[in-house]
Amino acid sequence: MNSDRRRITIADVARQAAVSPATAGRALGDYGYVREEIRTRVQEAAKLLGYRPNGLARSMATGRTNTIGVVGADIGNPFFASAMRGIGDVARAEGFGTILTNSDEDVVIEREAVKLLLEKQVDGIIVSPADVGDSQHLHEAIESGTPVILFDRVIGELAADAVLTDSVTATKNAVSHLLALGHRRIAIVAELRASMDSSWPIWLSQRDALDPERLNPSGSRLLGYIQAHEAADVPIDPDLIRATGAYSRVSACEQTRALLALPNAPSAIFTADNVMTVGALDAIQQSGLRIPQDISFVAYDDMDWMTFVTPAISAVAQPVYEMGQVAAQMLLERMEKPNASIKRKVLKTKFVRRQSCARLGRK
């Protein structure tokens, strides 16, 4: 290989095609008017010379970088991995690249990620807000002209499109299933650490004043848990509501062990997401209890592995890949029509009944 070989420039392509650099730039950047025969000649010259387009130069000419930014709450989580696949597939098909960042459910890290993406001049951002009560950085991104799509969470006062599921209703239906089986001591294990979510103890007396649009998914699922008990006229024992304080399998395991050690332990457990599920199942396995003979179990987020364990786990299934696709489509549409009315798409969930639940008293 010749180490002295320099990078081929647009000027080289222009000379090869016998056109001006400006014409070559328009032909290769697909902007402005260029006769078709000249466009073909320039493209053939570029191919012959091995020219690689300068993305920065193209963005300066077109005003776009053809990239979108994604801020995932936890990109190690299978939920966000599946969503990212949906986002990436749509973006790629439309000629856009994606830059993926991770907030680790920390709003400080999220602010840094959004700042980075804006500095990279992405054409739009898809974000799962770490704290729906702390969104000034998202307001500023939108005001700067960068469209933002909210994924899996909604911020009522933010002028941004959103795609999500109805966590409140989905959880209410899942917990109602356990109540219908006779369970009266149903525990919930959830993250519950962001702004309003972390003040959940007051909910039991002030829940009518709650605004679901100011809740993160874990808070929405707690609200659904409460509504299911209300509908069945079953009182709630606050000891059965366990907040991990961290998005952590270890914390979920510790909280579940505490539940199982109660003098009047729960007969069923509902976990608010797949990370909580794994931690809770760890604790149940360590305790020697059997599912569903000794304790029934329902999870939010249906993972592939849940059908491979014994017993298979009943779960709320979200159309995660489709959510990713819709988020990307909404962002592309917002780029084309920045002044269109704000949209919110709520996709349907499904409660998948398997073998992890039993009627209370049945062995």
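Buried here means under 20% relative accessible area, exposed means over 50%, and partly exposed is anything in between (1.4 Å probe, protein chains only). By that yardstick, 51% of the 363 residues of the protein chain count as buried. The chain holds 13 helices and 12 strands; these are DSSP runs (helices: H or I, at least four residues; strands: E, at least two), numbered from the N terminus.

A word on the set-up: this is a predicted model, where local features need pLDDT of at least 70 and side-chain atom pairs count only at pLDDT 80 or more, while totals for chains, interfaces and linings use all residues. Residues are numbered from 1 along each chain as its sequence is written, and side-chain values use heavy atoms, with hydrogens and water left out.

**Cores and contacts**

- A nonpolar core is a set of buried Ala, Val, Leu, Ile, Met, Phe, Trp, Tyr and Cys residues joined through side-chain atoms within 4.5 Å.
- The largest one has 45 residues, and Tyr225, Ile269 and Phe297 touch the most other members.
- Among the elements that each supply at least two residues of this core are helix H8 (167-180), helix H10 (217-231), helix H12 (274-287), strand S9 (296-300) and strand S10 (314-317).
- There's also a second, separate core of 25 residues, which includes Val70, Ile126, Ile149 and Ala328.
- Contact means heavy atoms within 4.5 Å. Leaving aside neighbours within four places in sequence, the contacts of Phe297 include Ile269, Thr271, Leu281, Ile313 and Cys357.
- Chain-wide, take the contacts between residues at least 6 apart in sequence: 68% of them join residues at least 24 apart.

**Strand S6 and its partners**

- Five of the five residues of S6 are buried, so this strand is largely enclosed by the rest of the structure.
- Ile186, Ile188 and Ala190 sit on one side of S6, with Ala187 and Val189 on the other.
- Strands count as paired if DSSP finds at least two bridges between them. S6 runs parallel to S8, joined by four bridges, and parallel to S7, joined by three.
- Ile188 stands opposite Phe270 in S8 and opposite Ile241 in S7.
- Just past the strand, Glu191 is found in the loop between S6 and helix H9 (203-206).
- Glu191 counts as buried because its relative accessibility is 7%.
- Skipping neighbours within four places in sequence, Glu191 is in contact with Glu105, Ser218, Ala243, Thr244, Gly245, Ala246, Tyr247 and Met276.

**Strand S4 and its partners**

- In a regular strand the side chains alternate between the two faces of the sheet.
- In strand S4 (residues 148-151), Val148 and Leu150 point one way while Ile149 and Phe151 point the other, and all are buried.
- S4 runs parallel to strand S3 (residues 125-127), with three bridges joining them, and Val127 stands opposite Leu150.
- S4 is also parallel to strand S5 (residues 161-165), again through three bridges, and Leu150 stands opposite Ala162 there.
- S3, helix H7 (residues 136-143) and S4 make a right-handed β-α-β unit. Right-handed means that, with the strands pointing away from the viewer, the path from the first strand over the helix to the second runs clockwise.

**Helix H3**

- The expected span of a helix is 1.5 Å times one less than its number of residues. For the 14 residues of H3 (residues 36-49) that should be 20 Å, and the end C-alpha atoms are 20 Å apart, which agrees.
- The buried residues of H3 are Ile38, Arg39, Val42, Ala45 and Ala46.
- They cover an arc of only 130 degrees around the axis, which puts them on the same side of H3; the arc is that of the directions from the helix axis to the C-beta atoms.
- Exposed on the other side of H3 are Glu36, Glu37, Glu44, Lys47 and Leu48.
- Helix H1 (10-17) and helix H2 (21-29) are among what covers the buried residues.
- Gly50 follows H3 with a positive phi, near 75 degrees.

**Helix H11 and the loop after it**

- H11 has 12 residues and reaches 16 Å from its first C-alpha to its last, close to the 16 Å expected.
- Ser251, Ala252, Cys253, Thr256, Leu259 and Leu260 are the buried residues of H11, and their cover includes S6, S7, S8 and H12.
- Asn264 lies in the loop between H11 and S8 and is partly exposed, with a relative accessible area of 45%.
- Asn264 and Arg185 are 79 residues apart in sequence, yet 8.5 Å apart in space, C-alpha to C-alpha.
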